[in-house]
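Before this model is taken further, I have set down some notes on its side-chain contacts and backbone. Please read them alongside the coordinates.

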Amino acid sequence: MIDTIAGAESSAIIYSLAETAKVNNLKPYDYFKYLLTEIPKHLDDKNDDFCENLLPWSENLPADCRKNKNSLPLD
């Protein structure tokens, strides 16, 4: 996938999204799993308003995508 420019760009986007998920206290695997089940439900939508609820900082993400509060690093 990364042996082409388009593949490298795709990999960079996925990596960036995974790192942003981590920074927002999400479990990347569960977050991606949620995205891959939720996005297909909107393929026939006429707009992309639903995307706001799927961003890593959205408060509308399901609780199982989030890390436990007990696992937060101490400052």
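The points below take up charges, rings, backbone and contacts in turn.

1. The model is a predicted one, and the remarks that follow should be read with that in mind. Side-chain atom pairs were counted only at pLDDT 80 or more, which bears on the salt bridges and the ring pair discussed here.

2. The structure holds three salt bridges. One of them joins Glu19 to Lys22, with the closest N and O atoms 3.0 Å apart, and both partners belong to helix H1 (residues 5-23), where a spacing of three residues amounts to about one turn of the helix. Glu19 has a relative accessible area of 28% and is therefore partly exposed, since that class lies between 20% and 50%. Lys22 falls in the partly exposed class as well, with a relative accessibility of 42%.

3. A further salt bridge links Lys27 and Asp30, whose closest N and O atoms are separated by 3.3 Å. Lys27 is partly exposed at a relative accessible area of 31%, and Asp30 is likewise partly exposed, its value being 22%. Asp30 also has a contact of another kind to consider: its C-alpha atom lies 5.1 Å from that of Cys65, although 35 residues separate the two in sequence. Cys65 is placed in the segment after H2, and with a relative accessibility of 1% it counts as buried.

4. The remaining bridge to describe is that of Glu38 with Lys41, in which the closest N and O atoms are 3.2 Å apart. Are its two partners buried or exposed? Glu38 is buried because its relative accessible area of 16% is under the 20% cut-off, whereas Lys41 is exposed, with a relative accessible area of 58%.

5. Negative charge gathers in a patch on the surface, made up of Asp44, Asp45, Asp48, Asp49 and Glu52. Among these residues, Asp48 can be placed in the segment that follows helix H2 (28-38). Asp48 has a relative accessible area of 52%, and because the exposed class begins over 50%, Asp48 counts as exposed.

6. Which residues make up the one aromatic pair that a search of the whole structure finds? The pair consists of Tyr31 and Phe32, with 6.0 Å from centre to centre and 50 degrees between the planes. The arrangement is classed as tilted because an angle of 50 degrees is neither under 30 degrees, as stacking would require, nor over 60 degrees, as an edge-to-face pair would require. Tyr31 is buried, with a relative accessibility of 1%, while Phe32 is partly exposed at 21%.

7. Most residues other than glycine have a negative phi. Against that background a reviewer may wish to inspect Asn25, a residue other than glycine whose phi is positive, near 65 degrees. Asn25 sits in the loop between H1 and H2, and with a relative accessibility of 22% it counts as partly exposed.

8. Two leucines in the segment after H2 deserve a separate entry, namely Leu54 and Leu55. Leu54 counts as buried, with a relative accessibility of 7%, and its C-alpha atom is separated by 8.6 Å from that of Ile39, the two residues being 15 apart along the chain. Leu55 counts as partly exposed, with a relative accessibility of 25%. The C-alpha atoms of Leu55 and Tyr31 are 9.7 Å apart in space, with their positions 24 residues apart in sequence; Tyr31 is the buried member of the ring pair, at 1% relative accessibility.

9. To bring two of these points together, the segment after H2 includes residues of each accessibility class: Cys65 is buried at 1%, Leu55 is partly exposed at 25%, and Asp48 is exposed at 52%. For a second look at the coordinates, I would name the positive phi of Asn25 and the bridge between buried Glu38 and exposed Lys41.

Notes:
Residues are numbered from 1 along each chain as its sequence is written. This is a predicted model: local features need pLDDT of at least 70, side-chain atom pairs count only at pLDDT 80 or more; totals for chains, interfaces and linings use all residues. Side-chain values use heavy atoms; hydrogens and water are left out. Patches are made of residues with over 30% relative accessible area and no salt bridge: like charges are joined within 9 Å, nonpolar side chains (Val, Leu, Ile, Met, Phe, Trp, Tyr) within 5 Å. Accessible areas come from the Shrake-Rupley method with a 1.4 Å probe; for residues, only the protein chains shown count as cover. A salt bridge is a side-chain nitrogen of Lys or Arg within 4 Å of a carboxyl oxygen of Asp or Glu. Lys and Arg count as positive and Asp and Glu as negative; His and the chain ends are not counted. The place of a charge is taken as NZ of Lys, CZ of Arg, CG of Asp or CD of Glu. Helices (H or I, at least four residues) and strands (E, at least two) are DSSP runs, numbered from the N terminus. Buried means under 20% relative accessible area, exposed over 50%, partly exposed in between (1.4 Å probe, protein chains only). Rings of Phe, Tyr and Trp (its six-membered ring) pair if their centres lie within 6.5 Å; planes under 30 degrees apart count as stacked, over 60 as edge-to-face and the rest as tilted.
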